[in-house]
4 protein chains.
Amino acid sequence: MLIVMKSSATAHETDAVVDIIETIGLRPHPMPGATRTAIGITGNEGPVDGQRFENLPGVAEVIRVTKPYKLITLDLRPDKTIVRVGDATIGGSELAIIAGPCAIESRVQAFAVAEAVQRSGARFFRGGVWKPRTSPYTFQGLGDKAWEIMREIRDAFGLKIVTEAVDESHVDLIEKHGDVIQIGARNMQNFSLLKRAGRSKLPVLLKRGMAATLEEWLLAAEYIMAEGNYNVILCERGVRTFAQHTRNTLDLAAVPAIRRISHLPVIVDPSHGTGTAYMVTPLARAGIAVGADGLMIEVHNRPELALSDSAQALTPAEYAQLIEEVHAIRSTMAPMQKQVVSTN
Amino acid sequence: MLIVMKSSATAHETDAVVDIIETIGLRPHPMPGATRTAIGITGNEGPVDGQRFENLPGVAEVIRVTKPYKLITLDLRPDKTIVRVGDATIGGSELAIIAGPCAIESRVQAFAVAEAVQRSGARFFRGGVWKPRTSPYTFQGLGDKAWEIMREIRDAFGLKIVTEAVDESHVDLIEKHGDVIQIGARNMQNFSLLKRAGRSKLPVLLKRGMAATLEEWLLAAEYIMAEGNYNVILCERGVRTFAQHTRNTLDLAAVPAIRRISHLPVIVDPSHGTGTAYMVTPLARAGIAVGADGLMIEVHNRPELALSDSAQALTPAEYAQLIEEVHAIRSTMAPMQKQVVSTN
Amino acid sequence: MLIVMKSSATAHETDAVVDIIETIGLRPHPMPGATRTAIGITGNEGPVDGQRFENLPGVAEVIRVTKPYKLITLDLRPDKTIVRVGDATIGGSELAIIAGPCAIESRVQAFAVAEAVQRSGARFFRGGVWKPRTSPYTFQGLGDKAWEIMREIRDAFGLKIVTEAVDESHVDLIEKHGDVIQIGARNMQNFSLLKRAGRSKLPVLLKRGMAATLEEWLLAAEYIMAEGNYNVILCERGVRTFAQHTRNTLDLAAVPAIRRISHLPVIVDPSHGTGTAYMVTPLARAGIAVGADGLMIEVHNRPELALSDSAQALTPAEYAQLIEEVHAIRSTMAPMQKQVVSTN
Amino acid sequence: MLIVMKSSATAHETDAVVDIIETIGLRPHPMPGATRTAIGITGNEGPVDGQRFENLPGVAEVIRVTKPYKLITLDLRPDKTIVRVGDATIGGSELAIIAGPCAIESRVQAFAVAEAVQRSGARFFRGGVWKPRTSPYTFQGLGDKAWEIMREIRDAFGLKIVTEAVDESHVDLIEKHGDVIQIGARNMQNFSLLKRAGRSKLPVLLKRGMAATLEEWLLAAEYIMAEGNYNVILCERGVRTFAQHTRNTLDLAAVPAIRRISHLPVIVDPSHGTGTAYMVTPLARAGIAVGADGLMIEVHNRPELALSDSAQALTPAEYAQLIEEVHAIRSTMAPMQKQVVSTN
């Protein structure tokens with residue numbers, strides 16, 4: 001941490017700050033400059049809470065230096081994490097594709113989509129059982145009935161089941177019937193839910209919150225990992241900005257930014273990230289080109305009749321075309337990927 | 001709802017849209033214009049999900065007209081809601097002041113602050129029992145031990161207790177020992193928690209989410225009310241923007257915007273809304289001047305030692321000065337307030 | 001400036017950074033910590049361009065400490081600037097009110113509004129001569145014809161004329177016929193225009209850009225002052241955020257934030273800051289309560305017929321009521337204001 | 001346009017709105033619904049200014065339907081525009097690469113970079129002559145001296161010269177010595193400059209403003225085209241959001257969004273769009289994968305010594321690698337591109 005004194009700060013005020021630093025057991029490094037003094041602080045194990053210094057007399061600014069996360073960092077684990085879900089992986093050389101409808105609406109719908117998903121070579125089937133909806137008056141998901149359908153799909157198609165947990169009781173059910181626990185954007189800082197997921201043996205797919213900084217998102221992952229569950233997959237799904245031509249603004253630079261800091265795999269969700277079917281394929285291509293480990297895609301056998309998020313669902317044919325295009329792009333990146341692997 | 005056809009749309013495409021509208025039981029109103037046709041839709045009870053039309057051939061845009069909320073509206077209830085908490089009120093002629101530390105840290109701290117709060121004439125004491133913190137490595141609140149202190153404060157000072165519920169089990173405890181359930185910004189779309197609060201007999205103070213539009217915020221209130229609990233207080237606490245001179249950007253225009261639509265009371269939290277002690281009093285004044293029904297203020301007997309949010313806590317002396325200033329401003333607005341009351 | 005090395009940085013990499021710092025004539029202060037080394041830099045006169053260090057081997061992060069501005073700071077000039085425009089002032093004890101129509105549309109319109117402005121006790125008349133409009137197909141201002149009307153108003157009502165300069169040639173004309181040069185939000189970083197205004201003898205009212213950080217805004221003022229013109233008035237007019245219930249989000253915390261750094265006066269424009277007539281008065285009250293030195297308000301004799309910004313213009317009657325309310329609030333702040341004056 | 005009446009609106013109020021619509025020569029289409037009446041408007045040639053209706057008694061909301069732009073639309077010109085610059089093109093089958101240093105700093109620097117640019121097969125050389133800098137105290141460009149260097153580069157390497165015009169006099173000089181006029185993000189709504197560029201015979205590269213909506217950006221293009229210059233290239237360079245891990249948030253969804261509306265070519269600038277060298281290549285790949293017609297890339301022979309934007313400049317070797325990777329991705333998209341061409 002660095003404390004910058006005002007140019008008008010007296011020697012007395014600077015000494016008082018130095019005293020407090022020593023009192024709390026840390027080492028102050030005063031650096032007098034041409035116009036003002038800065039005081040570096042070392043000796044801390046983790047981050048120091050600098051807020052306490054902010055309103056002391058003579059202090060102009062407090063600048064945090066140490067990052068607050070530990071477990072997610074490359075410092076801790078220089079090799080990239082490969083999350084294993086049965087015989088499928090996320091974060092390795094395989095491109096991870098998670099596809100399916102926004103919500104499970106009926107057996108017919110779910111099977112039609114699952115068949116398309118399996119045909120494309122994808123290994124993961126997504127489908128909402130309980131839907132967190134902005135309005136209480138819209139379709140909230142089939143709930144328990146959806147589980148029966150999910151179980152059948154797992155058996156019939158050999159797909160891994162990815163479902164969002166909206167509260168802690170849902171985690172129990174996913175542990176029974178599913179393969180990956182999804183934490184949605186609205187619950188990214190639902191710390192009770194994060195801790196519960198952290199006590200599970202299943203991998204956790206953690207979506208970025210709508211207004212989450214990179215640091216907040218990584219600290220949410222840190223909550224899960226601090227409970228002992230190291231199988232976390234990050235999912236960029238767009239953030240809220242002033243732009244109105246999309247539902248969210250997909251922040252693809254988050255992918256290289258995370259790569260530089262963390263060993264966790266990152267996937268991209270261009271369906272929620274744009275909110276509009278005609279944009280999903282171009283942004284899926286971009287997500288792979290930027291270096292993501294996989295994609296999450298909404299597919300519906302009849303998008304115009306979908307009970308939720310109908311505007312962003314692809315038809316099975318559009319989805320098949322998307323998969324072909326992203327594999328073509330991924331293949332051009334193979335040497336690069338190999339290079340990455342070799343450095344790990 | 002209004003469906004705007006492309007200028008290149010064929011008569012056949014327009015007819016197809018008209019057919020679908022009729023098929024789902026609604027009435028289409030085609031309006032041919034100079035360059036394109038728009039189709040109005042009536043006959044719907046609530047909002048129609050327009051997404052289904054977005055990707056139909058020939059459709060340029062779908063424009064929603066009907067608002068998705070009901071219970072929060074002045075249409076439903078033209079008189080402003082006055083929330084009663086024992087002998088105190090929020091939303092009436094009394095200025096509602098909710099003050100206290102970010103978190104209950106010790107008996108000594110809590111009592112020192114509560115004494116200052118009571119002395120100022122405020123009726124509500126806030127204090128975190130469980131703290132939702134961005135990092136898992138920072139102080140998470142005293143938990144159950146804090147409740148003993150809270151109970152003593154309620155008895156000793158006659159203050160109403162306002163505490164944040166981070167999960168459903170907390171609501172049970174607040175129902176036992178507290179007076180108002182606070183839903184924090186990070187949980188504004190934790191729909192399980194909203195529904196649980198909606199089944200409580202206690203009033204609910206609902207903070208705006210960090211990236212919540214007005215509509216999303218009001219729909220979160222609608223979730224609570226749809227379960228039968230009509231005593232909802234909205235709290236503006238700043239939103240996330242590009243600006244870096246404050247922790248959040250306090251959006252005071254939300255107050256008149258809500259007044260125009262809703263009967264619910266609105267208060268302002270300048271402590272979280274700015275994140276810095278020296279800004280709290282000016283923004284508290286602004287919050288009252290813009291027409292809020294009250295304020296939520298963080299106070300600490302020794303801010304420099306606070307275990308959380310130390311940079312934004314006021315000292316008891318600063319807080320007392322703030323209360324004096326906001327009452328002076330409020331008193332200039334009395335004739336205006338009366339006018340508002342008389343129209344209700 | 002502070003350079004934070006990676007925890008994996010070698011001693012060699014740290015030495016290389018230290019060498020470069022010395023090579024460019026500055027003094028390095030290495031501070032080895034538990035997990036990583038930080039290197040403070042002193043000896044610089046102004047800010048050092050830290051970007052050059054960002055991609056050096058072993059560097060994790062470069063943190064700027066010295067602020068890039070000089071002339072706007074309280075360090076340079078501890079007394080608050082009072083801008084004098086003839087016998088009127090902005091920044092002193094007088095509340096500065098600048099009011100008038102968005103654009104001068106006709107002699108009848110301008111005179112009707114000017115009369116209401118004068119009657120309210122305001123000293124400044126605003127009115128667009130050339131209008132920077134988002135679309136090329138909308139009303140662009142009367143141009144030279146508007147100047148004749150402005151001159152007559154200056155003579156007839158004794159009001160000071162405030163007009164926006166859209167390019168350098170406009171500054172010439174304002175110097176001839178007007179009293180204050182306004183730089184609009186869209187031109188806040190039009191550096192050629194800022195420099196031209198900096199060479200004028202007239203005061204400059206500098207609006208904040210739609211996405212300008214505080215620092216960028218203050219540096220735009222610095223451009224004007226660096227040319228020798230110290231009479232700069234800052235005007236907060238709202239910034240662009242995700243919020244859709246207003247045209248812009250008025251960031252009132254900018255007022256105390258600037259006060260803490262700068263001696264320049266700050267006013268608030270609730271008309272552009274909200275974009276909707278019914279919100280202008282509440283936000284004007286809030287602007288005064290937060291501590292602004294004045295207001296800029298759009299008034300039109302017949303808002304429903306205005307050729308631009310019709311939704312945000314107040315009628316003369318609404319405007320008169322607004323002035324009464326803000327004076328009442330300002331009067332409660334008199335002791336505080338006096339205190340501010342006495343410390344200067 | 002659509003006017004939505006309040007549910008409490010009287011028949012009289014609705015009739016009054018209908019009357020005004022007819023008075024201004026348009027045709028009203030009242031549509032009574034279950035709870036409220038909406039009134040469609042047709043008969044207008046261009047967009048109607050709906051603001052005038054917003055504050056009329058009984059009006060709840062005014063919804064604009066007609067888009068305000070004309071010349072940029074696919075309605076006007078269904079074939080994609082191919083901008084020709086001598087024997088090079090932007091918007092056709094050729095991938096347009098514009099590369100060079102942020103600013104021309106010296107003959108040695110400019111030649112070293114130009115050589116790398118030519119070697120890569122790129123056809124366009126960018127280099128700042130005058131630099132719009134946030135602070136008045138930083139390097140402002142070489143000005144006229146830079147032109148001599150640019151002329152030599154044009155002759156020696158056969159590269160087309162792309163330079164930013166900061167004011168109207170610069171356009172004169174670019175017309176003399178350069179090939180493409182760049183309008184920077186800070187000047188996107190400098191309407192005087194846009195009009196001057198619109199009267200030029202040179203193509204104009206129009207960068208998106210930092211907080212510009214798609215509509216504002218397209219209307220800025222419309223300003224240029226309305227003066228007769230149809231050779232406009234749009235350049236996405238990131239927008240300002242709350243995210244702090246990049247200098248700007250690159251909004252790649254803008255590319256398909258523009259494709260759907262406009263015939264103008266679009267390129268992507270990942271250098272300004274991220275602000276950090278290590279992110280430029282991944283985002284360049286993503287820009288091509290999303291469907292952009294080209295890239296603008298900052299290259300410097302010695303980035304660590306660059307006088308501006310040093311953190312985001314690539315070395316010649318990094319740049320050469322980038323070009324290879326984007327061509328590989330582009331080649332996978334050839335069938336798709338052909339398909340696009342065939343539909344035009």
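The C-alpha centres of domain 1 and domain 2 of chain A lie 45 Å apart. Domain 1 covers residues 2-63, and domain 2 covers residues 83-343. Keep in mind as you explore that this is a predicted model.

## Two helices to compare

Let us start with a pair of helices, one in chain B and one in chain C.

| Helix | Residues | Number of residues | Distance between end C-alpha atoms | Expected span |
|---|---|---|---|---|
| α4 of chain B | 144-157 | 14 residues | 20 Å | 20 Å |
| α7 of chain C | 214-226 | 13 residues | 18 Å | 18 Å |

The reach of α4(B) is close to what 1.5 Å a residue would give. For α7(C), the distance between the end C-alpha atoms agrees with the expected span, because 13 residues at 1.5 Å a residue should cover 18 Å.

Which residues of α4(B) are buried? They are B:A146, B:I149, B:M150 and B:I153. Looking down the axis of α4(B), you would find these buried residues within an arc of 105 degrees, so they line one face of the helix. On the other side of α4(B), B:D144 and B:D155 are exposed. The buried residues pack against two helices of chain B, α3 (107-119) and α5 (168-177), and against two strands, β8 (124-126) and β9 (160-164). Just past the end of α4(B) comes B:G158, with a positive phi of about 65 degrees.

Helix α7(C) is mostly covered, with 10 of its 13 residues buried. Among them are C:W217, C:E222 and C:Y223. The cover over these buried residues includes helices α6 (191-198) and α8 (254-261), along with strands β11 (204-207) and β12 (232-236), of chain C. Here too a glycine follows the helix: C:G228, just after α7(C), takes a positive phi of about 115 degrees.

## A strand covered on both faces

Strand β11(C), part of the cover of α7(C), is worth a look in its own right. On one side of β11(C) sit C:V204 and C:L206, on the other C:L205 and C:K207, and all of these are buried. How does β11(C) pair with β10 (residues 180-183) of chain C, in the parallel or the antiparallel sense? The two strands pair in the parallel sense, over 3 bridges. If you want to find a partner position, C:I183 stands opposite C:L206.

## An exposed residue in chain A

Now turn to A:D144, which belongs to helix α4 (residues 144-157) of chain A. Why does A:D144 count as exposed? It has 10 C-beta neighbours inside 10 Å, and a residue with 12 or fewer is called exposed. A:D144 and A:G127 are 17 residues apart along the chain, and their C-alpha atoms are separated by 13 Å.

## Where chains meet

The contact between chain A and chain D takes 33 residues from each of them. On the side of chain A, the elements giving two or more residues are α8 (254-261), α10 (277-290) and α11 (316-332). Helix α10(A) provides the largest share, 8 residues. By class, this side of chain A has 21 nonpolar, 9 polar and 3 charged residues.

Chains C and B also meet, with 33 residues of chain C in contact with 33 residues of chain B. In chain C, α8, α10 (277-290) and α11 (316-332) each supply at least two residues of the side that touches chain B. Which element gives the most to this side of chain C? It is α10(C), with 8 residues. Sorted by class, the side of chain C that touches chain B has 21 nonpolar, 9 polar and 3 charged residues.

Key. Residues are numbered from 1 along each chain as its sequence is written. Chains are lettered from A and ligands numbered from 1 in the order in which they are written. This is a predicted model: local features need pLDDT of at least 70, side-chain atom pairs count only at pLDDT 80 or more; totals for chains, interfaces and linings use all residues. Helices (H or I, at least four residues) and strands (E, at least two) are DSSP runs, numbered from the N terminus. The expected span of a helix is 1.5 Å times one less than its number of residues. A residue is buried if 20 or more other C-beta atoms lie within 10 Å of its own, exposed if 12 or fewer, and partly exposed in between; C-beta atoms are placed from the backbone. The arc is that of the directions from the helix axis to the C-beta atoms. Two residues are in contact if their C-beta atoms, placed from the backbone, lie within 7 Å. Domain bounds come from an automatic or database domain assignment. Ala, Val, Leu, Ile, Met, Phe, Trp, Tyr, Cys and Pro count as nonpolar, Asp, Glu, Lys and Arg as charged, and the others, Gly among them, as polar. Two strands pair if DSSP finds at least two bridges between them.
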